[in-house]
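Please open the structure in your viewer and keep the selection tool at hand. The tour proceeds by stops, each beginning with a selection.

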Amino acid sequence: MWYVMQVRTGTEERIRLQCERVISQEVLERCFIPYYQQKKRFQGEWHIQEKILFPGYVFLIAQNLEQLRDSLHKVIGMTKLLGAGEDIIPLRQEEMRFLLKMGKEEQVVEMSIGIIENDKVKIQQGPLEGMEGFIKKIDRHKRQAVLEVELFGRKVEMRVGVEIVEKVNRVEE
């Protein structure tokens, strides 16, 4: 099962390392932070940077929730495991599939490449291919797409890298 832990924004990496250090591998299969790639221009050149996809969240994969909960008491800086009220709820199958489709096993969402044709976004390659319906906004200057997806039991905005290589207005004949 995949669980999501809420932490203070900016402490994600430190808490991920702490979880891997203090929680036994019998309890915690994997602890990760999903990232996305974004192009940024500095020193006159374009560079690909990785940024945290969901600031303030660390993902945990474990089979036994009770053992995980007991082990997390040793982690300094965790605020809570996500759930509904007192119940801790793992991510749904669709949510896990979505995250694996976007970030693959490494959980890094790579840059997508697309065009804008008659004000419609068409992704030609990358993880956003076939997911144009989720795109709420494109920021061509920052080379980002803002998606609205259902995660953690609510609608979440998610920023990912996208390179729009062409904008065309074709006239229908």
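Begin by selecting K40, K51, K137, K142 and R159, which together form a positive surface patch. A patch here is built from residues with over 30% relative accessible area and no salt bridge, like charges being joined within 9 Å and nonpolar side chains (Val, Leu, Ile, Met, Phe, Trp, Tyr) within 5 Å. Lys and Arg count as positive and Asp and Glu as negative, while His and the chain ends are not counted. Each charge is placed at NZ of Lys, CZ of Arg, CG of Asp or CD of Glu. Accessible areas come from the Shrake-Rupley method with a 1.4 Å probe, and for residues only the protein chains shown count as cover.

The model is predicted: local features need pLDDT of at least 70 and side-chain atom pairs count only at pLDDT 80 or more, whereas totals for chains, interfaces and linings use all residues. Residues are numbered from 1 along each chain as its sequence is written, and side-chain values use heavy atoms, with hydrogens and water left out.

Within the patch, centre the view on K137, which belongs to strand β12 (residues 135–139). K137 has a relative accessible area of 47% and is therefore partly exposed; buried means under 20%, exposed over 50%, and partly exposed in between (1.4 Å probe, protein chains only).

**The whole chain**

Zoom out and colour by secondary structure: the chain has three helices and 14 strands. Helices (H or I, at least four residues) and strands (E, at least two) are DSSP runs, numbered from the N terminus. The C-alpha trace spans about 65 × 40 × 25 Å along its principal axes. Of the 173 residues, 44% count as buried.

**An open sheet**

Next, select β4, β3 and β9. They make an open sheet of three strands in the order β4-β3-β9, with mixed pairing. Because β4 (45–52) and β9 (108–109) stand at the edges with a single partner strand each, one side of each has no neighbour in the sheet. Two strands are taken to pair if DSSP finds at least two bridges between them.

Now keep only β3 (residues 35–42) and β4 in view: the two run antiparallel and are joined by eight bridges. Follow F42 across to its bridge partner E45 in β4, and then Q37 to its bridge partner E50. In a regular strand the side chains alternate between the two faces of the sheet. Two residues lie between the strands of this hairpin, where Q43 takes a positive phi near 55°.

**Salt bridges**

Which residue forms a salt bridge with E105? Select R30: the closest N and O atoms of this pair are 3.5 Å apart. E105 lies in the loop between α3 (93–103) and β9, and R30 in strand β2 (residues 30–32), so the pair ties together parts that are 75 residues apart in sequence. E105 is exposed at 52% relative accessibility, whereas R30 is partly exposed at 25%. A salt bridge is defined as a side-chain nitrogen of Lys or Arg within 4 Å of a carboxyl oxygen of Asp or Glu; this rule yields a count of 10 salt bridges.

Move to E95 and R92, whose side chains meet in a salt bridge at 3.5 Å, N to O. E95 is buried, with 4% relative accessibility, while R92 is partly exposed, with a relative accessible area of 36%.

Then select K136 and E157, a salt bridge whose closest N and O atoms are 2.3 Å apart. This pair links distant parts of the chain, with K136 in strand β12 and E157 in strand β14 (residues 154–168), 21 residues apart. Both ends are partly exposed: K136 has a relative accessible area of 47%, and E157 has 44% relative accessibility. Finally, select E13, R16 and E20, which are joined into one network by salt bridges that share partners.

**Two loop residues**

Most residues other than glycine have a negative phi, and most peptide bonds are trans. Select Q107, a residue other than glycine whose phi is positive, near 60°. Q107 sits in the loop between α3 and β9. Is Q107 buried or exposed? With a relative accessible area of 2%, Q107 is buried.

The last stop is D119, in the loop between β10 (112–117) and β11 (120–125). D119 also has a positive phi, near 65°, and its relative accessibility of 64% makes D119 exposed.
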